[in-house]
Amino acid sequence: MSLRLALKSLSGVQEILVLALMLVSVFAIFYSDMEFTYKIGIAVLVFSVIFLTTLASQVLKQEKEKRRF
């Protein structure tokens with residue numbers, strides 16, 4: 001439920017892509033046989049992509065509201 005509140009600004013397609021990215025990252029981090037530094041790199045990359053996607057969605061939403069007024 002808290003995940004839905006965090007992703008409420010995203011569209012349906014964006015939300016599905018973010019959830020798929022989270023799922024792939026969990027499998028890559030916990031169930032793969034890689035070095036620890038690669039796992040940290042994957043986690044940082046996934047976090048930054050999710051953060052930038054959310055940020056871009058918020059900016060686009062604000063610009064749309066700004067044009068409306």
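## A walk along helices α2 and α3

At 48% relative accessibility, Phe-51 counts as partly exposed, because that value falls short of the cut-off for exposed, which is over 50%. Keep in mind as you look around that this is a predicted model.

Phe-51 has a partner. Together with Phe-47 it makes a stacked aromatic pair, with 6.3 Å from centre to centre and 15° between the planes. Both rings belong to helix α3, where they sit four residues apart, or about one turn of the helix. Phe-47 is exposed, at 59% relative accessible area.

Now for the helix that carries them. Helix α3 covers residues 36-68, which is 33 residues. At 1.5 Å a residue it should span 48 Å, and its end C-alpha atoms are 48 Å apart, so expectation and model agree.

Which residues of α3 are buried? They are Lys-39, Val-46, Ile-50, Thr-54 and Ser-57. And what do these buried residues pack against? The answer is α2, residues 12-30.

Leu-21 gives you a good view of that packing from the other side. This residue is found in helix α2 and touches Val-46, Val-49 and Ile-50, leaving aside residues up to four places away in sequence. Two of those names, Val-46 and Ile-50, are also on the list of buried α3 residues. Take Leu-21 and Val-46: they are 25 residues apart along the chain, yet their C-alpha atoms are separated by 7.0 Å. Leu-21 itself counts as partly exposed, with 27% relative accessibility, because buried would require under 20%.

Stay with α2 and move on to Val-26, which has its place in that helix too. Val-26 is partly exposed, at a relative accessible area of 37%. On the surface, Val-26 joins Leu-23, Phe-27, Phe-30 and Tyr-31 in a nonpolar patch, and together these residues have about 590 Å² of accessible area.

Two members of that patch bring us back to aromatic rings. How many aromatic pairs does a search of the whole structure find? It finds two. Besides the Phe-47 and Phe-51 pair, there is one between Phe-27 and Tyr-31, with centres 5.6 Å apart and 40° between the planes. That pair is tilted, because 40° is neither under 30 degrees, as stacked needs, nor over 60, as edge-to-face needs. As for exposure, Phe-27 is partly exposed at 46% relative accessible area, while Tyr-31 is exposed at 66%.

Key: Residues numbered from 1 in each chain as written. Predicted model: local features only at pLDDT ≥ 70, side-chain atom pairs only at ≥ 80, totals over all residues. Heavy atoms only, no water. Helix = DSSP H or I, 4+ residues; strand = E, 2+ residues; numbered from the N terminus. Expected span 1.5 Å × (residues − 1). Buried < 20%, exposed > 50% of the residue type's maximum accessible area, 1.4 Å probe, protein only. Contact = heavy atoms within 4.5 Å. Patch = residues over 30% accessible without salt bridge, like charges linked within 9 Å, V, L, I, M, F, W, Y side chains within 5 Å. Areas by Shrake-Rupley, 256 points an atom, 1.4 Å probe, with all protein chains shown as cover. Salt bridge = Lys/Arg side-chain N within 4 Å of Asp/Glu carboxyl O. Phe/Tyr/Trp six-rings, centres within 6.5 Å; stacked < 30°, edge-to-face > 60°.
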